[in-house]
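Q: Please take a close look at one sheet in this structure, and set it beside other parts of the chain. How are its strands arranged, and what packs on it?

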Amino acid sequence: MKKKNKKKKAFAKPDDVFAKGPVSMARFGNNSVIQSNWSPEGFAKMQNELVEKYPKVVQDIDQLVAEIARLVSELPAEQLLHRAWWEMAGKHINVVSETSVGTDEIVSIRMIDYIQSIIVSVPPAPNQRDEIMEDEWGILRAKVQKLFQQSNIVYQVSLTAKNRTDPDYNDDLEEFKFKAQSYWCNIRGRRYQVHEPAYLNDMFAPHSDVLKELFGITSEQFIEGVTRIWHNLTFGIQDAVHLFNQFKADVDDAVEAKLKELSPATPKERETFMDEVIKENGWEERRDEVFGKVFGLDLFDVEKVTNLPQALIEELTWSPGEEKEFFAAGQYSGWPLRIWPVFKRPFVRLNGRCCCFDLRSLFDNLYRVVQRVVVRLKPAYAETWKLKQQEQSETLPLKYLQQILPGASVWRSVYYPCPGSTGKKEWCEADAVLVYDDHLFIVECRGGAFTYTSPANDFPAYVKSLENLVLKPVTQGRRFLNYLNTADSVPLFDHQHQQIGQLARRDFRVVTICPVTLDPFTELAAQVQHLRKIGVNVGAHPVWAVSLDDLRVYADVFANPLIFLHFVEQRMRAFGSDIIQVNDELDHLGLYLEHNHYSLHAQQIRGDSQARLSFTGYTTEIDKFFYQRLLDSTAPCPLKQQIPLRLIAIIEFLARSTLQGRSRVASFLLDLAGEWRKTLADGIEAELARQPSTQRPMPMSTHGNVNVTVYCWTPFSLQYRNDRALAYARTVLLVNGEAERLMLDLDFDEHGSLREVSWQWIIREEIPAHLLPQLEVQAETLRQKRVAAAIAEQGRIGRNDPCPCGRGKKYKNCCLRKGGMHS
């Protein structure tokens with residue numbers, strides 16, 4: 001057993017292997033290894049063919065967009081979106097994780113957001129039909145599906161081949177462009193639905209005065225109104241179906257009671273009776289409500305659902321054919337690669353009613369949409385919005401970090417002297433510094449907007465956004481870290497240059513530079529270490545770039561601050577891995593929960609090959625948990641690693657304590673692989689069972705890559721003697737040839753419940769010189785006992801077997817050479 005498995009020289013055996021032409025893929029659980037085996041000649045030929053096909057691919061997509069637009073203009077918009085929404089709802093009714101979303105589910109979403117964008121961009125045809133025929137719906141759906149297949153895959157492959165002919169072509173830049181365009185066309189839903197109300201409150205609460213001035217409502221009323229839309233489009237289908245079924249049952253019962261008095265009725269007579277019983281029971285309003293929600297637009301009618309003022313609703317609504325830019329002449333006219341109208345205004349006017357069908361686009365863009373509306377109506381408020389936004393960006397991340405790390409020490413707006421451009425000292429600012437035990441977080445907050453322009457039209461704006469939201473705060477964080485390294489201890493100052501604190505670099509085992517943004521960009525943040533390939537170099541020191549939405553998730557997942565800190569340590573190790581390339585920050589969380597040292601796990605899978613790894617399915621359990629939270633706000637979080645209860649008890653005790661260094665001990669235990677965790681926990685259990693009989697503590701010591709000695713103290717054991725325990729642990733350290741070892745003292749009551757945890761880090765260089773001679777004699781005796789015991793148990797020790805003394809060497813290179821102890 002090892003604390004960390006040794007690096008493998010080749011792949012482990014895959015679960016599945018697939019090969020087609022020059023591409024092969026192997027699956028290892030949730031991980032896929034993809035490798036291309038093109039010959040140079042074959043690849044060049046394929047690329048030339050793609051370049052030749054490029055104009056035809058563009059022409060085909062233009063034609064497909066035109067056909068979709070014509071068909072949409074001829075069909076009734078309210079029926080299109082009503083059917084699209086109910087079809088989408090039906091296909092997603094049992095979907096609890098995005099990893100289980102297939103092509104049908106994805107197309108059902110595009111039939112809402114893309115079709116709504118077409119409706120508001122293309123004037124209705126003069127000969128618009130009254131209803132949608134089944135074959136027309138099927139044709140439209142098939143064309144939309146084909147459009148996204150063509151623009152996501154065929155077009156991108158041909159475009160890359162064309163760009164390769166440019167002498168200045170850069171493969172890394174091209175890959176990033178492709179990813180950015182793919183995210184633009186396909187990724188919707190920036191946060192878990194259960195977090196939408198908190199998001200609204202966080203973002204809009206500071207702007208109550210201007211909303212009152214412009215629209216006559218407070219931010220609280222605005223949040224309440226939008227939350228009603230969220231509730232209606234999230235739970236409304238259940239409510240509507242329940243009302244319909246109950247109404248139908250009541251009407252059927254009333255009709256049956258009436259029919260008992262008569263002879264069997266024809267269907268037409270039965271229908272007449274239905275109208276009669278509805279009228280007799282005064283159910284007309286109930287009927288209208290049920291039919292309006294199930295068959296009409298009441299579920300989506302913004303004015304009917306909310307208390308939002310008409311003026312504000314108008315600002316957020318397009319009428320059919322009103323938006324002129326989506327289909328304006330030029331490249332990508334009507335393509336998914338342009339700015340979609342639903343990104344700019346989420347509502348659509350249908351037969352005089354303002355409706356909301358697209359919950360994802362509403363919440364993904366609402367904050368920036370309202371910001372642009374407010375600033376356009378009141379330009380003088382632009383600077384106020386910016387200041388309030390900056391205050392939010394500096395306050396909210398700390399709110400969630402302190403929820404995860406209760407009791408953390410926090411300094412906001414920290415000023416410190418640093419060399420200026422002219423060489424003179426200048427005052428610089430760090431947005432916040434957070435300290436929890438031996439972890440230091442340098443938090444740099446960014447409230448600016450990520451570009452709303454399409455990466456296909458304005459890719460430099462994408463790179464500029466990354467520089468503003470990631471590179472600039474990372475540079476500021478590094479600057480503070482450099483200041484921290486300038487002396488044994490450095491002072492911290494407020495904006496008036498009065499000292500407010502002091503920090504020493506030696507006190508911190510882990511320092512994390514943490515840029516936090518208000519705007520979500522988790523697809524890019526998850527790959528921040530790879531941005532240097534496109535010129536956004538965040539440096540060698542690990543960086544953890546997250547959005548506010550990510551912190552909301554972590555606040556719900558991590559109940560134990562020390563486990564969270566261990567995750568951060570593993571997240572920082574992944575920063576240095578060129579193998580870990582995931583599409584979501586939460587993939588890192590899923591990988592950690594599944595594999596612990598997940599960057600090492602990835603290296604072991606890839607071995608010495610240059611294959612690319614794809615990590616999929618790691619957010620499945622996370623998605624399931626937040627789906628349950630959506631249904632039940634009290635649902636407990638099941639997202640935990642497999643850790644034995646005895647070790648959990650130790651880590652939870654450490655989390656409740658304020659002892660300095662507790663995080664390092666917890667990380668040591670959490671670093672253990674599954675077998676070591678079980679071995680240690682079983683050893684504690686066995687020792688507690690023995691002590692009522694033995695009445696003395698028997699130390700447990702591990703060797704190899706895990707250096708810990710554990711003492712269990714109970715009311716049945718002898719009085720605690722630290723000198724003896726320490727001497728033994730030092731002896732083990734010497735016999736194993738270690739630089740340091742953890743000695744862990746666990747105090748239990750008579751029922752086996754943990755009462756106290758204490759520890760010492762034994763460092764060889766710190767052992768007093770006058771004790772070494774006696775300890776070395778004891779170490780030699782212990783070494784001989786171990787070897788003799790191994791020979792007695794095994795009969796012989798092979799030359800290439802691990803030496804039983806505990807040094808981690810082969811027997812032939814260790815105790816066999818000492819003589820007298822070999823077999």
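A: In this predicted model, strands 15, 16, 17 and 18 form an open sheet in the order 15-16-17-18, with mixed pairing. Helices and strands here are DSSP runs numbered from the N terminus, a helix being H or I over at least four residues and a strand being E over at least two. Two strands count as paired if DSSP finds at least two bridges between them.

The edges of the sheet are strand 15 (700–701) and strand 18 (754–763), each of which pairs on one side only. Strand 15 is joined by two bridges to strand 16 (residues 708–713), and these strands run antiparallel. Within that pairing, Ser 701 stands opposite Thr 709 of strand 16.

Helix 23 (residues 645–656) packs on the sheet, where it touches strand 17 (740–748) and strand 18. The direction of helix 23 makes about 85 degrees with that of strand 18. Helix 25 (residues 674–694) also packs on the sheet, touching strand 15, strand 16 and strand 17, and its direction makes about 30 degrees with that of strand 16. Contact means heavy atoms within 4.5 Å. Axes are lines fitted to C-alpha atoms, for helices over the stretch in contact, and the angles run from 0 to 180 degrees between N-to-C directions.

Helix 24 (residues 662–671) is mostly covered, with nine of its 10 residues buried; among them are Val 665, Phe 668, Leu 669 and Leu 670. Buried means under 20% relative accessible area, exposed means over 50%, and partly exposed lies in between (1.4 Å probe, protein chains only).

Other sheet pairings may be set beside this one. An open sheet of three strands has the order 4-5-6, again with mixed pairing. Strand 4 (317–318) and strand 6 (353–355) stand at its edges with a single partner strand each, so one side of each has no neighbour in the sheet. Strand 5 (residues 347–350) and strand 6 run antiparallel and are joined by three bridges, with Val 348 opposite Cys 355 of strand 6.

Strand 7 (residues 409–419) and strand 8 (residues 425–436) are also antiparallel, joined by 10 bridges; Val 410 has Leu 434 of strand 8 as its bridge partner. Strand 8 pairs in turn with strand 9 (residues 439–446), in the antiparallel sense, over five bridges, and Ala 432 has Val 443 of strand 9 as its bridge partner. The hairpin of strand 8 and strand 9 has two residues between the strands, and in this hairpin Asp 437 takes a positive phi near 55 degrees.

Two single residues complete the view. Asp 584 lies in the loop between helix 19 (561–575) and helix 20 (585–595), and its side chain reaches the backbone nitrogen of Leu 586 at 2.8 Å. Ile 153, in helix 4 (residues 134–163), is exposed, with a relative accessible area of 53%.

For the chain as a whole, there are 28 helices and 18 strands, and 52% of the 823 residues count as buried.

Residues are numbered from 1 along each chain as its sequence is written, and side-chain values use heavy atoms, with hydrogens and water left out. As the model is predicted, local features need pLDDT of at least 70 and side-chain atom pairs count only at pLDDT 80 or more, while totals for chains, interfaces and linings use all residues.

Note on methods:
A polar contact is a pair of N or O atoms within 3.5 Å; within protein, one must be able to donate a hydrogen and the other to accept it, and residues adjacent in sequence count only if both atoms are side-chain atoms.
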